[in-house]
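Reader: I should like to understand the reasoning behind the terms applied to this protein. Please show the structure, and I shall then put my questions.

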Amino acid sequence: MERSNDIERVLIDEGEIAERIGEIAAQIDADYQGKIPIVICILKGSLVFCADLIRAMEVPVTLEFMKVSSYGASTTSSGKLSVSLDIMSNIENKDVLIVEDIIDSGHTMKALTDMLKTRNPATLRIVTLLDKPSRRVAPIEADYTCFEIEDEFVIGYGLDYAEKYRDLPYVGILSRKVYE
Ligand code: PRP
């Protein structure tokens with residue numbers, strides 16, 4: 001079956017994504033003038049967004065990767081953070097910018113930022129492609145948000161369902177018949 005049959009509709013197309021990334025990159029450039037932030041790309045979902053964002057930015061960056069997931073979270077605590085890949089560099093007194101694809105409950109970003117703060121970065125900020133504020137449980141907000149979205153099952157542009165669709169160039173809504 002054609003993969004396009006799995007997509008209910010395109011939510012954010014390639015042009016819209018590129019335009020918004022340009023705007024956010026300009027904000028980040030203004031905020032980091034004269035600095036070289038350490039960009040942490042949170043695998044796997046953020047790969048595509050991060051690749052486009054750092055190329056849209058003019059300030060130079062160094063690039064790190066992390067693979068994390070949160071578990072055991074409740075409404076009052078950020079839960080435990082499982083780190084399966086950690087960054088290679090020391091972030092003490094450095095400007096750190098976390099690049100995330102989506103903030104949903106917020107558990108992952110809350111636990112990750114709590115952990116990274118113990119390493120004493122000079123600054124720690126979050127940029128996210130997508131935000132689902134209606135789903136938020138943990139008290140965390142991104143410093144830069146490309147798009148706020150409704151509670152839809154989104155895939156593409158790095159986001160997956162069962163590891164598929166990450167390579168689609170747009171953010172789409174997955175058809176219910178794929179997962180129901
Ligand atoms: C997704 C996403 C965030 C997290 C958001 O990662 O990339 O890291 O979930 O959810 P939360 O706000 O409810 O914590 P996922 O575990 O699916 O990994 P992936 O990026 O490798 O697909």
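The exchange below concerns the nonpolar cores and the ligand of a predicted model.

Reader: What makes the largest group of nonpolar residues a core?

Author: A nonpolar core requires buried residues of kinds such as Ile, Phe, Leu and Val, joined through side-chain atoms within 4.5 Å. The largest such core has 29 residues, and Ile28, Phe49, Leu53, Val127, Leu129 and Leu130 touch the most other members. At least two residues each come from several elements, including helix 2 (47–56), strand 5 (95–103) and strand 6 (123–131). Helix 1 gives the largest share, five residues.

Reader: Which residues are in contact with Val127, leaving aside its neighbours within four places in sequence?

Author: Val127 is in contact with Ile24, Ile28, Phe49, Leu53, Leu97, Ile98, Val99, Glu100 and Tyr144. Another core, of 17 residues, lies apart from the largest one; among its members are Ile38, Ile42, Ile87 and Ala142.

Reader: Why is the approach of Glu100 to the ligand called a polar contact?

Author: A polar contact is a pair of N or O atoms within 3.5 Å. An N or O atom in the Glu100 side chain is 2.7 Å from an oxygen atom of the ligand, and this pair therefore meets the cut-off.

Reader: How do you know that Gly106 and Arg166 qualify too?

Author: For Gly106, a backbone N or O atom lies 2.7 Å from a ligand oxygen atom. For Arg166, an N or O atom of the side chain is 3.1 Å from an oxygen atom of the ligand. Both pairs are within 3.5 Å, so both are polar contacts. The ligand taken alone exposes 500 Å², of which the protein buries 77%.

Definitions and conventions:
Residues numbered from 1 in each chain as written. Predicted model: local features only at pLDDT ≥ 70, side-chain atom pairs only at ≥ 80, totals over all residues. Heavy atoms only, no water. Buried < 20%, exposed > 50% of the residue type's maximum accessible area, 1.4 Å probe, protein only. Helix = DSSP H or I, 4+ residues; strand = E, 2+ residues; numbered from the N terminus. Contact = heavy atoms within 4.5 Å. Polar contact = N/O pair within 3.5 Å; in protein donor to acceptor, adjacent residues only side chain to side chain. Areas by Shrake-Rupley, 256 points an atom, 1.4 Å probe, with all protein chains shown as cover.
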